[in-house]
Amino acid sequence: MTGHTMAGVEVSSVPPHREAGARGVGATVSFGSFRLDHTQRLLLKDGEPVRIGSRALDLLIALVDRAGDVVSRHELLDLVWRNVVVDEAGVRVHMASLRRALGDGRDGARYIVNVAGRGYSFVAPVTRHGSDRPLPAPPHAARSTGGVPPPPRSLIGREALVSSLSELLLARRFISIVGSGGIGKTTVAAAIVQRLRTEFDDENVVFVDFGAVSEGGLVPGTVVSAAGCTIGGADPVAELVTFLADKRLLIVFDSCEHLVDPTSLLAGELFQRAPGVHLLVTSRESLRVEGETVHLLSPLAYPAEEFPTASEALATPAVQLFMDRAVFSGVHEELTDIDAPVVSEICRRTEGIALAIELAASRVGTYGIRGVANLLASNVELRLVGRRNVVPRHRTLEAMLDWSFILLAENEQRILCRLSVFVGLFTMEAACAVASDEKGLDRGGVAAILANLVDKSLIRVHPSGEAVYYRLLDTTRAYAASKLTQAGESDTIAERHARYFATLFKAIALEPGAYIDIGRHASHIGNVRKALEWSFSHGESRAIGVGLAADAAPLFLGLWLLAECRHWSHLALGVTESTSDTAEREVRLLEALAVSSMHTSGNTQEVRDAIERGLNLSEADGSGLPQLRLLAGLNLFLTRLGDFEGGLAAARRCGAIAGRSGTPSDRVIAEWMLAAAHHVAGNQGAAVDHCERGFKLEADVGRLEINLFGYDHHLRAELALARSLWLRGSPETACRLVLETMNEAARSSLPGDYSMAAAHGVPVLLWSGNTEGSADHIERLIAQAEKHSLKSHAAAAWALKGERLLMVGESLAGVETLREALRMLYRERFHMVVPGAARALADGLAQRGQYREAQKMIHEATSSAERMGQKFWLPDLYRTQGQINLKAPSPDIEAAEQAFRVSIKLAGEQGAISWELKAAIPLARLLIGRQRAADALALLTPIYEAHSEKGGTTDIEEAKSILGSL
């Protein structure tokens with residue numbers, strides 16, 4: 001028995017079936033008007049051959065041998081598809097084909113019935129003829145098809161392609177499917193043959209597998225044999241062309257890459273001189289002859305998202321193929337949301353190569369999904385053994401790559417190995433710089449060889465805008481890297497690679513905080529990592545790593561790779577020394593360390609030390625902009641710690657520097673920083689003034705993209721303005737602005753922008769009583785903060801969720817959520833929002849009737865805010881203290897009134913009219929209840945009238961109601 005393999009399908013040239021006479025009967029049987037010869041595998045009706053597929057015939061033999069019995073689907077799979085994978089849907093398809101061939105159900109004929117839940121049974125009367133002579137051969141014997149592979153068991157991710165290429169083949173006659181090894185070229189070709197069965201009968205399809213042909217001189221003879229042509233002349237090509245000149249055939253040349261010259265010559269002759277012949281070629285390299293239409297076969301698509309759900313992952317063909325093949329390794333569970341990212345990463349690592357996916361999936365039954373992922377992390381995929389009934393070059397990825405490698409010229413092998421140093425995309429310039437040498441391989445030679453490797457499907461081309469990038473598939477890269485090590489060139493090439501990228505990023509001169517065009521440089525990230533790893537692991541080359549870490553830090557920050565940025569900054573700062581010629585580099589590293597640490601590790605002393613050290617160095621150097629950025633970081637750091645006065649002092653230092661530099665962008669930054677600082681320091685009038693001055697200055701120069709310490713400060717200013725406007729009595733304007741700002745931040749490429757916007761924007765909605773509009777933003781904030789490990793904002797998000805739960809009446813869930821959120825906030829030292837969360841928890845405890853704990857909580861929160869100088873929160877804390885005093889089983893009326901009046905006084909000092917109203921409403925109700933309606937009217941009227949907008953919050957509506965009743 002001979003066999004053939006295709007990526008994505010298990011096949012066998014002769015399907016196994018139950019041997020004739022297995023039950024002690026003859027080789028020929030008859031039923032109705034049919035006669036079936038087991039030996040010749042021939043079905044006749046009224047003496048004429050019946051067109052029937054091979055699998056359908058095997059099904060018929062299996063069922064007739066057990067006529068009257070119920071044969072289960074599992075038994076049919078074993079009898080007809082032994083050692084071949086197929087699902088029950090495949091059985092149904094072939095069973096339907098068999099019934100059509102028999103005319104089952106027409107004119108009262110009944111042969112096969114489906115017994116629900118059990119299987120199939122052949123029910124027609126059967127006569128067995130044990131001594132019959134063999135039936136005569138059919139009048140039109142089929143031409144040998146040269147071993148046409150059966151169609152793939154399941155065609156995943158290629159359905160539309162097969163349809164389009166089938167139409168194209170009929171129209172143009174000569175199609176070459178070109179792609180790297182294992183990508184599924186033969187699978188697609190077999191599916192096209194199946195699709196064109198209505199155009200070309202079995203006897204008019206010729207399939208030639210050149211994988212087993214090693215000599216170019218054997219090519220014509222191999223095709224002659226497959227086509228059923230008998231020749232004896234000296235020119236087999238001419239005789240073959242003459243033989244086929246008037247015939248309409250579909251000829252498939254499979255696996256031509258090692259015989260490109262002879263197959264291209266033959267294909268060209270057939271196309272020109274045999275107009276009825278349609279040629280379908282599979283190869284790792286195009287034939288490049290007249291008439292050829294080349295289709296470059298792409299890998300199967302896999303999820304682009306890093307953390308897809310199961311449904312998102314299964315929407316991609318690579319994951320579908322993986323799970324389909326995993327079933328045959330013994331796995332029958334459906335893909336879960338937990339495992340979906342792991343499977344997606346496996347498919348991403350195998351880069352959509354069908355053979356690689358199948359080899360990985362074949363081990364899931366033994367190792368599990370995560371075990372397979374661990375195997376691939378060690379490059380074990382190169383040696384995973386696949387099915388035994390395939391040609392040797394497809395049994396492992398290593399064997400497949402050996403096949404390609406030995407076909408290369410010596411210089412091509414050398415350049416391919418050197419290019420394995422690149423991770424991901426690289427440019428022609430990078431390839432020439434790293435792979436050229438003094439031994440005859442100059443830049444021009446490298447460029448020419450690179451083009452050859454592209455033609456041979458060993459390197460892929462990735463156009464991106466006006467630029468052109470190249471890359472090796474990961475499996476090819478791992479294979480070539482092992483060859484580079486064997487050649488003893490690994491360190492030499494790695495050093496060239498590291499120096500190239502250090503030089504490149506020094507020339508690019510990325511500015512910290514300038515992330516608008518950072519995507520242009522994102523393609524370098526894998527190579528930057530590789531260069532840094534190698535540099536810091538080789539003591540004599542650490543200086544290369546220090547320079548690259550400093551110059552590439554904006555790239556890591558701009559791509560929000562914070563943990564990596566922190567790691568490389570740490571390493572580099574451990575090497576560099578504070579000398580005059582390295583001060584600028586050290587400042588960049590310190591800033592990168594501070595930014596990445598603040599977002600990943602919280603508001604730690606490490607962050608403050610890095611900022612202060614950077615400020616000292618930049619002040620000594622006299623550099624204005626680094627100081628401005630570092631002061632912005634100090635302002636943010638102190639604000640997050642809850643040191644609002646310290647944050648204001650840092651903002652004022654920033655203003656002084658901007659006043660000296662005089663540049664518009666510096667002045668805008670300073671105004672916005674002062675606005676945010678005054679807002680939390682408790683001066684809402686000054687906050688609005690600074691915001692408006694900053695926006696006016698920006699209008700003169702155009703929209704500024706100013707990202708400092710992970711945040712867009714334009715967005716930060718809009719949030720400060722919205723919050724201040726709300727407090728100053730314009731709630732409708734404030735809510736509209738905050739929603740616009742959050743939606744704008746959601747479109748930012750930096751996760752920190754939305755997390756910052758939502759963490760400080762959602763409170764405005766909650767202050768207004770908008771629990772419905774805030775719900776989606778709270779959930780999105782939780783998801784984004786946790787996805788990107790923004791622990792401080794995740795804690796703030798849970799606090800906001802707890803507060804909203806209290807507002808909608810879910811007090812138990814709200815209290816428990818707030819307790820956990822406060823623990824998180826303290827752990828992250830995100831004291832900026834602790835008073836607000838503590839106030840909400842105290843309110844929730846009072847709702848639950850836990851008054852003693854509520855009073856203790858609000859007292860501690862108020863005392864802490866006073867001790868830390870957090871004036872901003874005090875009006876709301878005192879208001880809640882008054883409300884808790886009123887709700888207690890023994891209400892303290894005097895203490896409650898006093899707390900409300902303190903709240904109103906402190907809010908008035910801030911210019912926070914809306915917080916005055918929040919406290920005035922319960923105080924007015926208290927006064928009315930004590931028969932002091934006139935005092936209530938005198939208290940509430942001026943505060944209500946001070947609001948420039950008389951709508952937009954539940955407080956305003958309540959104040960209207962009270963005033964209307966007085």
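Is Ser-789 buried, exposed or partly exposed? In this predicted model, Ser-789 has a relative accessibility of 41%, so the residue counts as partly exposed. I shall return to Ser-789 after describing the sheet.

The sheet is open and consists of 5 strands, in the order β9-β10-β11-β8-β12, with parallel pairing. At its edges are β9, residues 205-209, and β12, residues 293-296, each of which pairs on one side only. On average, neighbouring strands of this sheet are turned by 15 degrees against each other, with direction ignored.

Let us look at one edge in detail. Strand β9 pairs with β10, residues 249-254, in the parallel sense, over 5 bridges. Within this pairing, Val-206 has Ile-251 of β10 as its bridge partner.

Two helices should be mentioned together with these strands. Helix α4, residues 159-172, packs on the sheet and touches β8 (174-178), β10, β11 (277-283) and β12. The direction of α4 makes about 145 degrees with that of β8. Helix α6, residues 219-227, lies across β9 and β10 and runs at about 145 degrees to β9.

I turn now to backbone geometry. Most residues other than glycine have a negative phi. Ser-789 is not a glycine, yet its phi is positive, at about 55 degrees. This serine is found in the loop between α32 (771-787) and α33 (791-807). Ala-509 likewise is not a glycine and has a positive phi of about 55 degrees. The loop that holds Ala-509 connects α19 (490-508) and α20 (525-537). How accessible is Ala-509? Its relative accessibility is 45%, and therefore Ala-509 counts as partly exposed.

My last residue is Gly-642, in the loop between α25 (624-641) and α26 (644-661). Is Gly-642 buried or exposed? Its relative accessible area is 0%, so Gly-642 is buried. Which residues is Gly-642 in contact with, leaving aside its neighbours within four places in sequence? They are His-831, Met-832, Met-868 and Gln-870. Val-834 may also be noted here: it lies 192 residues from Gly-642 along the chain, and the C-alpha atoms of the two are separated by 8.4 Å.

To close, I would set the three loop residues side by side. Ala-509 counts as partly exposed, Ser-789 counts as partly exposed, and Gly-642 is buried. Thank you for your attention.

Terms used
Residues are numbered from 1 along each chain as its sequence is written. This is a predicted model: local features need pLDDT of at least 70, side-chain atom pairs count only at pLDDT 80 or more; totals for chains, interfaces and linings use all residues. Side-chain values use heavy atoms; hydrogens and water are left out. Two strands pair if DSSP finds at least two bridges between them. Helices (H or I, at least four residues) and strands (E, at least two) are DSSP runs, numbered from the N terminus. Axes are lines fitted to C-alpha atoms, for helices over the stretch in contact, and angles run from 0 to 180 degrees between N-to-C directions. Contact means heavy atoms within 4.5 Å. Buried means under 20% relative accessible area, exposed over 50%, partly exposed in between (1.4 Å probe, protein chains only).
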